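Colleague: I am new to this structure and would love a close look at one part of it. Could you take me through the nonpolar core and the cysteines, step by step?

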Amino acid sequence: MKKPCTECGEPHEGQGRCDVCARVADAARERPSTKSLGYTGPWRRLSKRARSLQRFCSVCGATTDLTTDHSEEAWRRHNAGLAIRLCDVDVLCRPCNARKGTARTQGDSPWSTG
């Protein structure tokens, strides 16, 4: 007898989550937290300040869905246990930030926390 998935509600064999939702949940458990990646209170405050000073994307000029992007220097400072400065970040819209990709220096682990 099929029962609804506890996540999406789709009928499936068994109890709990369907196979798709179970895989998504497993992947989420394996992903490090944003805090462990360095997105702590100081980063959130710096990001908010950068976006309040520059209200447009440095690449395309968009004024919505803005993010703050780390430079290679920001990651070097973070991995050395130093504060990231305003001059170490750039304001980009989410699509431009995604297209730009990671700014981590060669050899840095993407999950390094300093």
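**A close look at the core and its cysteines**

Modeller: Happy to! Please keep in mind that this is a predicted model. Let us begin with the surface and then work inwards. The accessible surface of the protein comes to about 7,800 Å², and 52% of that belongs to carbon and sulfur atoms. Of the 114 residues, 30% count as buried. The secondary structure consists of four helices and four strands, and, read from the N terminus, the order of elements is β-β-α-α-β-α-β-α. If you take the contacts between residues at least 6 apart in sequence, 53% of them join residues at least 24 apart.

Now to the part you asked about. The largest nonpolar core has twelve residues: Trp43, Leu46, Ala50, Cys57, Leu66, Ala74, Ile84, Val89, Val91, Leu92, Cys93 and Cys96. Two elements, α2 (41–53) and β4 (89–93), each give two or more residues to this core. The biggest share comes from β4, with four residues.

Two of the core cysteines, Cys93 and Cys96, deserve a pause. Cysteine 93 counts as buried, at 4% relative accessibility, and cysteine 96 is buried as well, also at 4%. For cysteine 93, the closest cysteine sulfur is the one in cysteine 96, 3.5 Å away. Seen from the other side, the closest cysteine sulfur to that of cysteine 96 is in cysteine 93. You might wonder whether they are bonded. A disulfide is a covalent bond between the sulfur atoms of two cysteines. The cut-off used here is 2.5 Å, so at 3.5 Å the sulfurs of cysteine 93 and cysteine 96 are too far apart for a bond. In keeping with that, a search of the whole structure finds zero disulfides.

What else does cysteine 93 touch, leaving aside residues up to four places away in sequence? Its contacts are Cys57, Cys60, Ala62, Thr64, Asp65, Leu66 and Thr67. Among them, Cys57 and Leu66 are also members of the core.

Let us finish with another core member, Trp43. Tryptophan 43 is buried, with a relative accessible area of 8%. The structure has one aromatic pair, and tryptophan 43 shares it with tyrosine 39. Their ring centres are 5.8 Å apart and their planes meet at 75°, so the pair is edge-to-face. Tyrosine 39, for its part, counts as partly exposed, with 26% relative accessibility. This pair therefore joins a buried tryptophan 43 to a partly exposed tyrosine 39.

Definitions and conventions:
Residues numbered from 1 in each chain as written. Predicted model: local features only at pLDDT ≥ 70, side-chain atom pairs only at ≥ 80, totals over all residues. Heavy atoms only, no water. Buried < 20%, exposed > 50% of the residue type's maximum accessible area, 1.4 Å probe, protein only. Contact = heavy atoms within 4.5 Å. Areas by Shrake-Rupley, 256 points an atom, 1.4 Å probe, with all protein chains shown as cover. Core = buried A, V, L, I, M, F, W, Y, C linked by side-chain atoms within 4.5 Å. Phe/Tyr/Trp six-rings, centres within 6.5 Å; stacked < 30°, edge-to-face > 60°.
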